[in-house]
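Let's learn to read a protein model together, one feature at a time. Have a look at it first, then we'll talk.

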Amino acid sequence: MAVQDIMPTWVGATAKQIARGVRRGDVSATQVVADHLDHIARADADLAAFRTVRGGEAVTEAEKVDEQEDLANLPLAGVPVAVKENTPVAGLPTWNGSAAVRTAVAEADHEVVRRLRGAGAVILGVTRMPELGLWALTDDETGVTRNPWDPRRTPGGSSGGAAAAVAAGLVPMAHGNDGLGSIRIPAACCGLVGLKPGRGVIPYQLGADDWFGLAEHGVLTGTVADAVVGFSVLAGRRPDKLVPPSRLRVGVSLRSPVRGVSPDAPNRDAVAAAGRLLAAAGHDTVPADPVYPTALGLKGIATWFAAAAADVQAAGVERRDLQRRSRRHVALGEWAQRRGYVREADRAAWRERSVSFFGDHSIDLLLTPALAGPPPEAAGWSGRSWVANMKANIRYAPYAAPWNIAGLPAIVVPVGRRPDGLPVAVQLVGPPGSELLLLGVAGQFEMQAPWQRHAPGYPRVGTGSPATA
């Protein structure tokens, strides 16, 4: 039976399946891209995942991929990919989630976009994010981005459009970046794999000061195998074949970094389920609670404020031109800068303490909830107050930020469903250089308990590919 008989459309296929099909000549990159553009045209009006779609340009780029003679060396040959709108793509403005902060048309691709293209990927467009990437809630005055699993809910943020696009099968892989959870939070909201690499593994080069070293680029995918390929490409490496890790000692903690915020029952149950998967894979689990100093939260929040202020200052934008929720954020950032509350020494101290945590507890990895509660409603958060946005963000997504401040790698992996049908996930954190170890454990989760790769009602092929595919 011909491959075309099995896959009449390539929408819903994984990135690895598509690249393999293009390399073998089972399908052209042009056909794959056309399939996905058709699906976007039908589905994205309800989701608002994309800011703009590069229809004709993407088809032309796909044709160029088909003309290449070295397809065998392209790990993402013909794979449709979306880029987060704060990352320059040649020929497009860089929106930064904001009409006020939008920059002129980029003359050149960002390095991570250049690496994606160099691997054979075709950029279909750029995905929506909240203004300046500040929030885990994605909307603006032009549209509200919705979670494909439940359109009444947000897909998270700030890589909210990226997560919605992958969960709906609009693309098999989307680029994102993560300053205080902006890959991992939407991955958890939308049932995806989301890896935040450790500091310096992938060139960041965004904003005024890379968010003081807090932010990293990565990808959101439906399978671990695709996450491995995407990470390898962005890191400038040849794709690694994952080897299932042998016996590990994994610390388990439900402790919240934010006093007064605790995980709800479905998120506690998710950690318990992940513990059973670890045991079934031959690993040991032990209690291990990080000590999150109160000062860490205050200084981390001050850095978050100051990063926004620095980006606005570098863009030459007036604070009054920003959204309501962002104006106060930036004002507090300017105040924090003046008071000297943003210091590399404080971040370095937390990093040292975090790295020592693994040795002090004799553990290889740390397991925590990914979220504390369900994704909030998809609504006009950009028009609401700063206080309302802060409360919503902190109450449902407190677990990601400490590991940006520490610069450690962390991954979110789906492990089941909430009673309301939404996906539920856990977070794994590792010491410096443990990206492939995190992916390896995620692959063991996927082998034992494959998850549904797309939201119900959206095109999908199977339930996921094993990490060794």
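Q: Is Ser-362 buried, partly exposed or exposed?

A: Before the answer, some ground rules: this is a predicted model, where local features need pLDDT of at least 70, side-chain atom pairs count only at pLDDT 80 or more, and totals for chains, interfaces and linings use all residues. Residues are numbered from 1 along each chain as its sequence is written, and side-chain values use heavy atoms, with hydrogens and water left out. Now, buried means under 20% relative accessible area, exposed over 50%, and partly exposed in between, using a 1.4 Å probe and protein chains only. Ser-362 has a relative accessible area of 48%, so we call Ser-362 partly exposed.

Q: What is the phi of Ser-362?

A: Phi is near 50° there, a positive value in a residue other than glycine. You'll find Ser-362 in the loop between α13 (344-360) and β11 (365-369). Those labels come from DSSP runs, numbered from the N terminus: helices are H or I with at least four residues, strands are E with at least two.

Q: And where does Trp-211 lie?

A: In helix α8 (residues 210-213). Trp-211 also has a positive phi, about 55°, although it is not a glycine. Trp-211 is buried, with a relative accessible area of 8%.

Q: Which side chain of opposite charge is nearest to Asp-226?

A: For charges, Lys and Arg count as positive and Asp and Glu as negative, while His and the chain ends are not counted. A salt bridge is a side-chain nitrogen of Lys or Arg within 4 Å of a carboxyl oxygen of Asp or Glu. The nearest opposite charge is Arg-453, 5.9 Å away, and the buried Asp-226 has no salt bridge. The side chain of Asp-226 does reach the backbone nitrogen of Lys-16, at 3.0 Å.

Q: How do I read empty space, and what is the volume of the largest pocket?

A: Rolling a probe the size of a water molecule over the atoms shows where empty space is left. On a 1 Å grid over the protein atoms alone, a pocket is an open set of points with protein on both sides within 12 Å along at least five of seven lines, and lining residues have an atom within 4 Å of a point. Grid points are joined across faces, edges and corners, and a volume is the space filled by probe spheres set on the points. The largest pocket comes to about 720 Å³. It has 35 lining residues, and among the closest to its centre are Val-258 and Gly-297. Helix α11 gives the largest share of that lining, seven residues.

Methods. Polar contact = N/O pair within 3.5 Å; in protein donor to acceptor, adjacent residues only side chain to side chain. 1 Å grid on protein atoms, 1.4 Å probe; cavity = no way out; pocket = protein on both sides within 12 Å on 5 of 7 lines; lining within 4 Å.
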